[in-house]
Amino acid sequence: MRETDQDQARLARAGRVFSCASAVSSGVTEKRTIPCPGCGLAVPDIDAPTHAYIGAAPGCWEIYGRVLAREYGELRNPPFHRLTVDAYAAQHPGTESRRSTQSVAGHLIALHLVFEQGLAPEVVTKLMPAIVSKAESFRWLMPPSFVGTFTVESVANAKSAEDHERAARRWAESVWRAWGEHHETVRGWAGAHTLR
Ligand SMILES: [Zn+2]
C-alpha cells in the first residue's frame, strides 16, 4: 500500500474524510475520492446506500455489491462465498453496538475455523446457528489497522473464476491476520461453542 493510502486510512479511522483529488481546477472537475472508514480503500465519494452497521463507505459497498453479484450469478454461490462475506464484515467493523459486536465476533470465529482449524467454509456455515445462539457472550473488540491488507477491490479486479476465488481466500486470510491481537479471544469463543 502506498504511503498516501496509509495516511488516508489513518485519517479515516480518526473520523476525518478528505479529498485526495482537488475539485475544480481550470474548469475541470476531478472525481473526488474518500478513504473507506473500514478497509481504507480510496473509493469514489458517491451518494448511495451502505449498510446500517457495517462501517463501509458507499463507494466500497458498491464494489462489494459487484463482487457478490458475480458470486451469486456467474460463480453460482460457491462454498468460498462465505469467506467474502466474513472478510468484508470483519474488515468493516463499524462502531461499537450490540449488532456490530455480534457481527464482527461471528465473522471472526468463522475465519478462525477456516484458517486455523482447517474447516471447509460450507461446514462453518452449518455451525453458524450454534455460534450466533451464544452471541450475548461476545464483547466488542477494538479493530486493528488494516493498512497493508488486501481489500474487496482485489477480488473485484479478478479476471477469471479461479482468480476470483484465489483473491477472495487471500483477502480473507489477510483480514484474519490483521486481527492478530484478538486471536486468543476469538479462539476462546470458538472453543466455548465446542464446534469441533
Ligand atoms: Zn471498505
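How many residues does α2 have, and how far does α2 reach from its first C-alpha to its last? Keep that question in mind while the whole chain is on screen, and remember throughout that what you are viewing is a predicted model.

**The whole chain**

Before selecting anything, colour the protein by secondary structure, and you should find 8 helices and 2 strands. Following the sequence from its start, the pattern reads α-β-β-α-α-α-α-α-α-α, so that the two strands come after one helix and before the run of the others. Of the 196 residues in the protein, 38% are buried. If you take the contacts between residues at least 6 apart in sequence, 60% of them join residues that are at least 24 apart.

**Stop one: α2**

Select residues 58-72, the stretch that forms α2, and the opening question can be answered: this helix has 15 residues and reaches 21 Å from its first C-alpha to its last, which is close to the 21 Å expected at 1.5 Å a residue. Now show the side chains of Gly 59, Cys 60, Trp 61, Ile 63, Tyr 64, Val 67 and Glu 71, which are the buried residues of α2. Among the elements that cover these buried residues are β2, α3 and α6.

**Stop two: the loop after α2**

Move on to Arg 76, placed in the loop between α2 and α3, and then to Asn 77, which lies in that loop as well. Arg 76 has a positive phi of about 55° although it is not a glycine, and Asn 77, also not a glycine, has a positive phi of about 50°. Are these two residues buried or exposed? With the cut-off for an exposed residue set at 12 or fewer other C-beta atoms within 10 Å, Arg 76 counts as exposed because it has 9, and Asn 77 counts as exposed because it has 11.

**Stop three: α3 and its partner α7**

Select residues 81-91 to bring up α3, a helix that is mostly covered, with 10 of its 11 residues buried. Among the buried ones are His 81, Arg 82, Tyr 88 and Ala 89, and the buried residues of α3 pack against α2, α4, α5, α6 and α7.

Add residues 161-178, which make up α7, and look at how the two helices pass one another. The axes of α3 and α7 come within 9 Å and cross at roughly 35°, and the crossing is left-handed. On the α3 side the contact is made by Leu 83, Thr 84, Asp 86, Ala 87, Ala 90 and Gln 91, while α7 contributes Ala 168, Arg 169, Trp 171, Ala 172 and Val 175.

**Stop four: Thr 151**

From α7, turn to Thr 151, which is found in the loop between α5 and α6. A residue is buried if 20 or more other C-beta atoms lie within 10 Å of its own, and Thr 151, with 25 such atoms, is therefore buried. Leaving aside its neighbours within four places in sequence, Thr 151 is in contact with Cys 39, Leu 41 and Trp 171. If you draw a distance from the C-alpha atom of Thr 151 to that of Ala 172, a residue 21 places away along the chain, the separation is 8.8 Å.

**Stop five: α4 against α5**

Select residues 98-115 for α4, which has 18 residues and reaches 26 Å from its first C-alpha to its last, close to the 26 Å expected at 1.5 Å a residue. Because 13 of its 18 residues are buried, α4 is largely enclosed by the rest of the structure.

Then add α5, residues 121-133. The axes of α4 and α5 come within 10 Å and cross at roughly 140°, which makes α4 oblique to α5, and their crossing is right-handed. The contact is made by Gly 106, Ile 109, Ala 110, Leu 113 and Val 114 of α4 together with Pro 121, Val 124, Met 128, Ile 131 and Val 132 of α5.

**Last stop: the nonpolar core**

Which residues have the most contacts inside the largest nonpolar core? They are Cys 60 and Ile 109, in a core of 45 residues. The elements giving two or more residues to this core include β2, α6 and α8, and the largest share, 8 residues, comes from α4. Centre the view on Ile 109 to finish: apart from neighbours within four places in sequence, Ile 109 is in contact with Ile 131, Val 186, Trp 189 and Ala 190.

How values were computed:
Residues numbered from 1 in each chain as written. Predicted model: local features only at pLDDT ≥ 70, side-chain atom pairs only at ≥ 80, totals over all residues. Core = buried A, V, L, I, M, F, W, Y, C linked by C-beta atoms within 7 Å. Helix = DSSP H or I, 4+ residues; strand = E, 2+ residues; numbered from the N terminus. Contact = placed C-beta atoms within 7 Å. Expected span 1.5 Å × (residues − 1). Axes fitted to C-alpha atoms, helices over the stretch in contact; angles between N-to-C directions. Parallel < 35°, antiparallel > 145°, perpendicular 65-115°, else oblique. Left-handed = near helix turned anticlockwise from the far one by under 90°.
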